[in-house]
Amino acid sequence: MSTKPAGTRPQRPVALVTGASGGLGQALAIELDALGCRVAVHYNSSEERARAVQDKLTNDSVVVTGDVGSYEAVTAMYREIGERLGPVDVLVNNGAIRKDALMAMQSPADWAQVIRTNLIGSFHTARAAVPHMLRQRWGRVVNVVSPSGLIATAGQTAYSASKAGLIGFTRTLAAECGRRGVTVNALSPGFMITGMTESLPDRVKESMEEKAPVPRFVTVEEVARSAGLFLDQDCMTGQVISIDSGVSIT
């Protein structure tokens with residue numbers, strides 16, 4: 001069976017990292033910059049932190065904002081990136097929120113907001129980016145998921161559902177895009193001390209650390225180093241790469 005070759009990787013790909021003002025997002029933006037990408041640093045609530053991330057980059061970059069839960073906001077953001085850097089070649093869906101509570105006591109509005117941001121927001125950004133990737137026969141989509149999408153975590157029905165849904169989205173989109181040189185993978189980081197987790201009680205952090213086969217937290221830099229693997233591997237698609245101290249196998 002004959003296959004058409006993938007397109008050529010752009011010399012200086014444009015990469016969009018959503019939620020790039022947070023700990024992991026910053027590390028991913030810095031890593032992609034080091035790999036030669038021109039990075040669009042996305043934020044939703046803190047322009048100051050996003051600007052601080054941009055200051056650490058060496059290549060051309062831009063700071064953008066927009067609610068990923070709104071497709072209109074996402075398309076406006078993509079227009080700005082296109083005008084200032086060019087169309088997005090590498091998309092990292094890192095932006096996410098958590099609103100933890102036992103399902104029987106959680107408000108429907110909070111539950112829906114988590115799904116809207118984490119899952120529907122990732123669809124919006126991919127929907128805006130993938131057509132260009134398919135046309136040029138090269139592109140990378142990386143969806144940041146979580147061990148909570150693979151194992152049960154009480155109090156996280158919304159977050160777990162959003163991340164499990166994103167894993168299914170990753171695999172199916174990979175099947176749709178692979179013949180045109182576009183890979184779609186998921187990155188599943190373990191417990192990290194970031195803005196999303198630093199408010200957890202110390203006893204919870206200690207318990208999570210002790211239960212892991214490798215009994216320590218993962219650093220954002222360790223997770224971000226996977227970006228090079230995603231960029232370089234043309235035949236790796238539809239995969240979930242877990243950098244989680246082994247939590248997902250317990």
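Q: How many aromatic pairs does a search of the whole structure find?
A: Just one, in what is a predicted model. Phenylalanine 191 and phenylalanine 217 make up the pair, with ring centres 4.7 Å apart and planes at 55°. An angle over 60 degrees would count as edge-to-face and one under 30 degrees as stacked, so this pair goes down as tilted.

Q: Which parts of the chain does the pair link?
A: Distant ones: the two residues are 26 apart in sequence. Phenylalanine 191 sits in the loop between β6 (182–189) and α6 (202–211), while phenylalanine 217 sits in the loop between α6 and α7 (220–224).

Q: Is phenylalanine 191 buried or exposed?
A: Buried means under 20% relative accessible area. Phenylalanine 191 comes out at 13%, so buried it is.

Q: How do I check the length of helix α1 (residues 23–34)?
A: Count 1.5 Å a residue and look at the end C-alpha atoms. For the twelve residues here you'd expect 16 Å, and the ends are 17 Å apart, which agrees. Just after α1, glycine 36 has a positive phi of about 100°.

Q: Which residues of α1 are buried?
A: Start with the general idea: an α-helix has 3.6 residues a turn, so residues three or four places apart point the same way. In α1 the buried residues are Leu24, Gly25, Ala27, Leu28, Ala29, Leu32 and Asp33.

Q: What does α1 give to the largest nonpolar core?
A: Five residues, the largest share of that core. The core has 31 residues, and those touching the most other members are Val17, Leu24, Leu28, Leu32, Val39, Val41 and Val92. Among the other elements that give two or more residues are β1 (14–17), β2 (38–43) and β4 (90–93).

Q: What is valine 92 in contact with, leaving aside its neighbours within four places in sequence?
A: Leu16, Val17, Thr18, Leu28, Leu32, Val142 and Val144. There's also a second, separate core, with 23 residues including Ala40, Ala126, Val130 and Ala174.

Q: How many disulfides does the structure hold?
A: A disulfide is a covalent bond between the sulfur atoms of two cysteines. This structure holds zero. Take cysteine 37: its closest cysteine sulfur, in cysteine 177, is 18 Å away, so too far for a bond. Cysteine 235 is in no disulfide either, with the nearest cysteine sulfur, again that of cysteine 177, 15 Å away.

Q: Are cysteine 37 and cysteine 235 buried or exposed?
A: One of each. Cysteine 37 is at 0% relative accessibility, so it counts as buried. Cysteine 235, at 77%, counts as exposed, because the cut-off for exposed is over 50%.

Methods. Residues are numbered from 1 along each chain as its sequence is written. This is a predicted model: local features need pLDDT of at least 70, side-chain atom pairs count only at pLDDT 80 or more; totals for chains, interfaces and linings use all residues. Side-chain values use heavy atoms; hydrogens and water are left out. Helices (H or I, at least four residues) and strands (E, at least two) are DSSP runs, numbered from the N terminus. The expected span of a helix is 1.5 Å times one less than its number of residues. Buried means under 20% relative accessible area, exposed over 50%, partly exposed in between (1.4 Å probe, protein chains only). Rings of Phe, Tyr and Trp (its six-membered ring) pair if their centres lie within 6.5 Å; planes under 30 degrees apart count as stacked, over 60 as edge-to-face and the rest as tilted. A nonpolar core is a set of buried Ala, Val, Leu, Ile, Met, Phe, Trp, Tyr and Cys residues joined through side-chain atoms within 4.5 Å. Contact means heavy atoms within 4.5 Å. A disulfide is a pair of cysteine sulfur atoms within 2.5 Å.
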